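Okay, thanks for squeezing me in. I'd like to walk through two contact surfaces, so let me put the structure up.

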Amino acid sequence: MGKQLRIDSVLRPEVLIIGAGGAGLRCAAEICERRPGTRIIAVTKVYSPQKSHTSTAQGGMAAVDPKDPVDRVIYHMFDTWKGSDCSADQNIIKKVCETGWEQVVWLERHGMHFSRTEAGRIAKRPFGGHMLNFGEVKAFRACYEADRTGKGIMDTVWAESLRHGVVFLGQSVATELLFSHGRCVGAIVFVVPSGKFVAILAQATVMATGGKTRMYQVSTNCRQNTGDGLALILQAGLPVMDLEAVQFHPTGIVGPGILASEALRGEGGVLLNKDGERFMERYAPTAKDLAPRDLVSRCIMTEIREGRGCIHPDHNMPHVWLDLRHLPKYVHRTKIQEVTSFFRKFVGVDPETELCPVVPTAHYQMGGAPTNEFGEVQKSPEEIVPGLFACGEFAAASLHGHNRLGTNSLLELITMGKVVGERVVSYLADAEVPGDVPEEAGQHVFSQFSNCLERKGHQRYARIRDRLRVLMMEKVGVFRSEKPLTEAIDELRELKRMASRMELSSKSLVMNQELLQFWELDHLLDISMVIAQSALARKESRGAHYREDYPERKPEFDFHTLAYMTEFGKVDFAKRPIDMSIYKARGKNYKKFGMIERKY
Amino acid sequence: MSQEYELTLKISRYDPDTDRSWVQDYHLKAGRILRFVDLFRKINDEQDPTLAWSSSCEHGQCGTCGMKINGKPVLTCELLVENAVQMFKTQTFKVEPLTVAPVIRDLVIDLEKAYERIHIVKPYIIEFAPPHPEGDEYRIPPRVLEAYVEATRCINCFCCATACISTQKNYLGPNAMLADIVRLMDPREVANEERLKILYSGQGIQRCRTSQACTFVCPKQIDVAHFIALGKEGKFGKVNGV
């Protein structure tokens, strides 16, 4: 049909930020504070930065207050290391935990509305996996804004970016990274409402496109989290890291999978099976309901598999109960008001008097684009891509290894967002201004879009999407083993073939959501393929990656998975060593940072 | 299985390619706890992939999916079929985009344009109060925070601005004024004079006609009118020379 696709205009900021959520805009604010007047364009797929998925984070942000009489940064570092199942990087753990409090104060001093103690200080609550004295008793470490901490952060960094004159490009997607002599010089951006392609050339490009779990049937992620950023990385021939590590949050609201924060258990909520038994006491006698997420998710799925779950009459889905009935009324009304309203709104349950139906839901990617401790994107463990930076959930530095503790993600956004901001400023000092738009620019995205526009056939988008989502949930979900993973890989190949035979109803480029969905589906399939193959290759269990056929962690897998895929289904693997600098420094308590056993 | 409803959605459509507007009827069956966003997805999947509509988080936290259902601005991710049938006593629903910004296609509006009103009120702290002597966070006792914490829950979904009976033109609207008021009540903000000037400007609070429609429709149950009333009563102080 030969629709002429072309680059309509060229923009030349100094910094391009792809993904204007919590991490991207914390980075923007840092750049502007250190280097006032820096010209920044921030591209977001949603309608305004304030709508970013960061806004939906609920429970809190872990940080050790130096004035705390009992808590210590070393305990937080230990919890993060242990929680990661010994596959986080200790240089990152150290950097993030040590600067956490300073970043909490930064947010407060820029207007975030934290909940307060009687003395007017920032209030703190306990959260899963965060403990005192190397795992002895729960710690009050999570700073929070009621049950809308993410919104507080998002509003603050968005407002700061506004103050500094950051230019936002809404409802727009980066479709191709641009390189010149191995250096990243920007991206081609498709502006959905106008249907135009813009080349944005910048000295530095920061990717912070967030998570990607929309390929799972039950997921907390928003409609836009379809793995576009990671797909761009793969297309550029760069690796992604630890994609097998997908976090399932134990308490999604049955049906749509909406997140019911761990704060509910932090405030005293307990999980019950159909017999009313507090089953977590059986699996984790010390941490109980506040054990880390991977563990609680597996316990819930085990209860369901062994016939101790219930079936929800409307959604026809198995679940267990979360009991909040015994919590004081003021807790319901002031501390968990937002989250409990979800049960009322979406499943018609009153948490003050009734049990709430919950089930594990795909929530977070521990892996992502591999970066060094400054957020510079890596080509290999030894080499970075000049001009390309990454932070937030999109990046894997890695703070979380194969399992993330609750409240450590918001902490990562603000600390690593700042780190990347600092790095970008020093990079700008002698970075060359990109020359003309590279000659081959657009070839990739135009062939991808023409392909979408010209496809013929009778396959239906919805059918492929639904099959993908069930497939990933059942075969690449909480429990994994060789046979289902192999079947999943074959089925993904079939789905990819089917996807090449979908036909668009309208060929308009202007605000064409169907066209966008075709483009997204390719990414969902690409990323699913890498998740499944990475999960198959890791023949051990570690954190959220649980192999029933290899239920133990194994020393021969003490590394990060690097995966490259330039042709669908053909995944090449490499290894990145785990940084153990705390252990190697042989300081006090160094033994706690060895390859320790993980028991709660 | 629970009850199924036979619904008719009369959806406002607009095609920017031909500049044509029309209303299109869609008939569909739906279970009792499907949400309106699920209905739009169902229409895309089963009947018409070209229908454009906006949403993001789909659990009432981002404020992207606001639309008018039978004239009432709501977040369509929160509206269950069963509740809609009860509320409007019908199984036929008129679905229109919010009126705060131009339509891009069908139910998608140019929300960035609507956000320009929020930019005017500067949602950040313009000038920060002197830091606490101990150097860490500013101290705010819970009772001080309580006075305005409800207003900080606003997600800028623009439902209130759509429901407001005052003119849309050159008027900040309830949510933008609320953002200004939050900072007026925030003890960390020092630039109250500048904030009052915005509030009492020609496009500010004097345009409010006290219909309280904002409070009535707010999906977050924020008593927006209460905060605006505080402004009208002069509770935040006076601008010099006015």
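So, ground rule: two residues are in contact if their C-beta atoms, placed from the backbone, lie within 7 Å. This is a predicted model, where local features need pLDDT of at least 70 and side-chain atom pairs count only at pLDDT 80 or more, while totals for chains, interfaces and linings use all residues. Residues are numbered from 1 along each chain as its sequence is written, with chains lettered from A and ligands numbered from 1 in the order in which they are written.

Confidence next. The complex gets an ipTM of 0.97 and a pTM of 0.96 from the predictor. In chain B the mean pLDDT (the predictor's confidence in each residue, from 0 to 100) is 95, and 98% of residues reach 70 or more.

Now inside chain A. The domain assignment (bounds from an automatic or database assignment) gives domain 1 (7–245 + 366–428), domain 2 (249–362) and domain 3 (444–569). Between domain 1 and domain 3 of chain A, 37 residues of the former are in contact with 36 of the latter. On the domain 1 side, α5(A) brings the largest share, five residues; helices here are DSSP runs (H or I, at least four residues), strands too (E, at least two), numbered from the N terminus.

And between the chains? There, 47 residues of chain A meet 46 residues of chain B. On the chain A side, α4(A) gives the most, with six residues.
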